[in-house]
Amino acid sequence: MAIARPLGMEFDHSWPESAECLTLDFGPFETAHRWRRMPECDEFVGARRSKHTVIAYKDAVFVFGGDNGKHMLNDLLRFDVKDNSWGRAFTTGVPPAPRYHHSAVIHENSMFVFGGYTGDIHSNSNLTNKNDLFEYKFTSGQWVEWKFEGKDISCCLMNPVKDV
């Protein structure tokens, strides 16, 4: 999925409703790649956003978090590629706090969301850089926060030990 906008222009949350969302079709049997318009995601389903994560799982694309220019988000949206439709994903449990600039990956039947920033997007002094890990289980829709015990290894991630 890509946002269509003039080259060199940053994402603007105040864009008119006519802004397009496009997808690029490509595959082993296609000789020409082409962009085509995707259905719009209605505001009641989810806000326009930036600094979010997007992952694909089975026949769906999931969008988590980010910000809409006013505040951070922690909703989970689902685009069904077969039905060509948007909706909110079913969730239970406590989701991660609203955040942006986080990471997300798929492992087996789960999506893992790590880190990012939480707080007030309009004040850099109120942002908190998170070091937490959440799992979203696709089979049950459950959010689970992972807790770690033992030595804090964040110092080693920033300054890896080199073999002598």
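**Exercise 1. Identify which residues are linked into a cluster by ring pairs, and characterise a pair within the structure that is stacked.**

*Solution.* Ring pairs link Tyr57, Phe62, Phe64, Tyr136, Phe138 and Trp143 into a cluster. The model under study is a predicted one.

Step 1. The number of aromatic pairs is 9. Tyr57 and Phe138 form one of them, with 3.9 Å from centre to centre and 5° between the planes.

Step 2. Planes under 30 degrees apart count as stacked, and the Tyr57–Phe138 pair is accordingly described as stacked.

Step 3. The two residues are then placed along the chain. Tyr57 belongs to strand S4, while Phe138 is in the loop between S10 and strand S11 (142–146). The pair links distant parts of the chain, 81 residues apart. Both Tyr57 and Phe138 are buried.

**Exercise 2. Determine how the rings of Phe112 and Trp146 are arranged, and state whether each residue is buried or partly exposed.**

*Solution.* Step 1. The ring centres of Phe112 and Trp146 are 5.6 Å apart and the planes stand at 70°, so this pair is edge-to-face.

Step 2. Phe112 is found in strand S9 and Trp146 in strand S11, 34 residues apart, and the pair links distant parts of the chain.

Step 3. Buried means under 20% relative accessible area. Phe112 has a relative accessible area of 14% and is therefore buried. Trp146, with 37%, is partly exposed.

**Exercise 3. Describe the largest nonpolar core and the contacts of Phe138.**

*Solution.* Step 1. The largest nonpolar core has 14 residues. The members that touch the most others are Ile55, Phe62, Leu76, Met111, Tyr136, Phe138 and Trp143.

Step 2. Two or more residues of this core come from each of S4, S5, strand S9 (110–118) and S10. S5 gives the largest share, 3 residues.

Step 3. Leaving aside neighbours within four places in sequence, Phe138 is in contact with Ile55, Tyr57, Phe62, Ile106, Asn109, Ser110 and Met111.

Step 4. Another core, of 5 residues, lies apart from the largest one; among its members are Val45, Leu77, Phe79 and Trp86.

As general background, nonpolar side chains in soluble globular proteins tend to be buried together.

**Exercise 4. Set out the strand order of the open sheet of 4 strands, and name its edge strands.**

*Solution.* Step 1. The order is S4-S5-S6-S7, and the pairing is antiparallel.

Step 2. S4 and S7 each pair on one side only, and they are the edge strands. From one strand to the next, the twist averages 25°.

Step 3. Between S5 and S6, which run antiparallel, there are 7 bridges. Gly66 stands opposite Leu73 in S6.

Step 4. The loop between S6 and S7 holds Asp83. Exposed means over 50% relative accessible area; Asp83, at 57% relative accessibility, therefore counts as exposed. The C-alpha atoms of Asp83 and Asp59 are separated by 9.4 Å, and these residues are 24 apart along the chain.

**Exercise 5. State how many salt bridges the structure holds, and examine those of Lys51, Arg88 and Arg99.**

*Solution.* Step 1. The structure holds 7 salt bridges. A salt bridge requires the nitrogen to be within 4 Å of a carboxyl oxygen.

Step 2. Lys51 forms a salt bridge with Asp67, with 2.4 Å between the closest N and O atoms. Lys51 is in the loop between strand S3 (34–37) and strand S4 (53–57), whereas Asp67 is in strand S5 (residues 60–67), 16 residues apart. At 33% relative accessibility, Lys51 is classed as partly exposed; Asp67, at 2%, is classed as buried.

Step 3. Arg88 forms a salt bridge with Asp75, and the closest N and O atoms are 3.4 Å apart. Here strand S7 (residues 85–88) provides Arg88 and strand S6 (residues 72–80) provides Asp75, 13 residues apart. Asp75 counts as buried at 13% relative accessibility. A network of salt bridges links Arg49, Asp75 and Arg88.

Step 4. Arg99 and Asp132 meet through their side chains in a salt bridge of 2.8 Å, N to O. Arg99 lies in the loop between S7 and strand S8 (103–107) and Asp132 in strand S10 (residues 128–137), so the pair ties together parts 33 residues apart in sequence. Both Arg99 and Asp132 are buried.

Terms used. Residues numbered from 1 in each chain as written. Predicted model: local features only at pLDDT ≥ 70, side-chain atom pairs only at ≥ 80, totals over all residues. Heavy atoms only, no water. Buried < 20%, exposed > 50% of the residue type's maximum accessible area, 1.4 Å probe, protein only. Pairing = 2+ DSSP bridges. Axes fitted to C-alpha atoms, helices over the stretch in contact; angles between N-to-C directions. Core = buried A, V, L, I, M, F, W, Y, C linked by side-chain atoms within 4.5 Å. Contact = heavy atoms within 4.5 Å. Phe/Tyr/Trp six-rings, centres within 6.5 Å; stacked < 30°, edge-to-face > 60°.
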